[in-house]
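Here is a short briefing to read with the structure open beside you. Please keep the viewer handy, and look up each residue as you reach it.

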Amino acid sequence: MARPAVYVAMAATLAATLAGCTGPLSTLDPAGPAAGSIAGLWWAMLAGATALFLLVMILFALVMLRPDVARKVSPARWIMLGGLALPAVVLTPLLIFALITGEQLLPRLTGAPVRIEAQAQQWEWTFRYPGSHGVATKGVLHLPAGVPIDVVVTSTDVIHAFWIPRLAGKIDAVPGHTNLLRIQADRPGRYEGLCNEFCGTGHTGMRFDVVVHPAADFPAALASPDLAGKVLP
């Protein structure tokens, strides 16, 4: 009688898990090269963890089903093979892949990418666009599609964290210091960003919208009086 309930619970758990792979704040639904690299690293780590788990379960089954075979292996050999060799076979390639991926995410000094300033304060974001006649927006970040953007991130009060999950990784916003994050959106559309560092009682509401325009329309969008978001003096 309890079996159908178990199946329902398993199906609900699977559905909830898969639902986390999509949505405006999903890191597994990338819309830019940096986010794609991070998602690829996540899948690689999941595959490595699955392989390691299966290898351990095989050894566990061997010990339980064939205890005579397990007794022929000395404790020292179990430690060397199971505790050192087995993890090294899986974790070493993952470490190399993670280092290569992390290196690719670093901003390069080549070219002259567009720079946008992101300033955090409790509990909102202000974005400024140098070279756009002082245009600034609150709560809405405007980006051109298909163009690398260097976001210069800072804070006026406490430590925050700038994060657009579908476009790139996160980076801290530190008072008195600037951090640089390179992002790129593959296509026009609307995305969501947030503060990912607890910064006080208003932290959960410290989100912002991201509007990505076609690259050719980006200058006109900044010059438009109907610019989405509040234009500051």
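The notes below go through a sheet, a buried histidine and a surface patch, in that order. Please bear in mind that this is a predicted model. Its open sheet has five strands, and its surface carries a nonpolar patch.

**The sheet**
- The five strands run in the order β4-β10-β9-β6-β7, and their pairing is mixed.
- At the edges stand β4 and β7 (171–173); each has a single partner strand, so one side of each is left without a neighbour in the sheet.
- On average, neighbouring strands of this sheet are turned by 30° against each other, direction ignored.
- Strand β6 (residues 160–163) pairs with β7 in the antiparallel sense, over three bridges.
- If you would like a residue pair to look up here, Ala161 has Asp172 in β7 as its bridge partner.

**A histidine in an edge strand**
- His142 belongs to strand β4 (residues 140–144), one of the two strands at the edges of the sheet.
- His142 counts as buried because its relative accessibility is 1%, and the cut-off for buried is under 20%.
- The side chain of His142 also makes a polar contact, at 2.8 Å, with the side chain of His213.

**The nonpolar surface patch**
- Phe53, Leu54, Val56, Met57, Phe60, Val63, Met64 and Leu65 make up this patch, and together they have about 800 Å² of accessible area.
- Val63, one of the patch residues, sits in helix α2 (residues 33–65).
- Val63 has 34% relative accessibility, so this residue counts as partly exposed.

Methods: Residues are numbered from 1 along each chain as its sequence is written. This is a predicted model: local features need pLDDT of at least 70, side-chain atom pairs count only at pLDDT 80 or more; totals for chains, interfaces and linings use all residues. Side-chain values use heavy atoms; hydrogens and water are left out. Patches are made of residues with over 30% relative accessible area and no salt bridge: like charges are joined within 9 Å, nonpolar side chains (Val, Leu, Ile, Met, Phe, Trp, Tyr) within 5 Å. Accessible areas come from the Shrake-Rupley method with a 1.4 Å probe; for residues, only the protein chains shown count as cover. A salt bridge is a side-chain nitrogen of Lys or Arg within 4 Å of a carboxyl oxygen of Asp or Glu. Helices (H or I, at least four residues) and strands (E, at least two) are DSSP runs, numbered from the N terminus. Buried means under 20% relative accessible area, exposed over 50%, partly exposed in between (1.4 Å probe, protein chains only). A polar contact is a pair of N or O atoms within 3.5 Å; within protein, one must be able to donate a hydrogen and the other to accept it, and residues adjacent in sequence count only if both atoms are side-chain atoms. Two strands pair if DSSP finds at least two bridges between them. Axes are lines fitted to C-alpha atoms, for helices over the stretch in contact, and angles run from 0 to 180 degrees between N-to-C directions.
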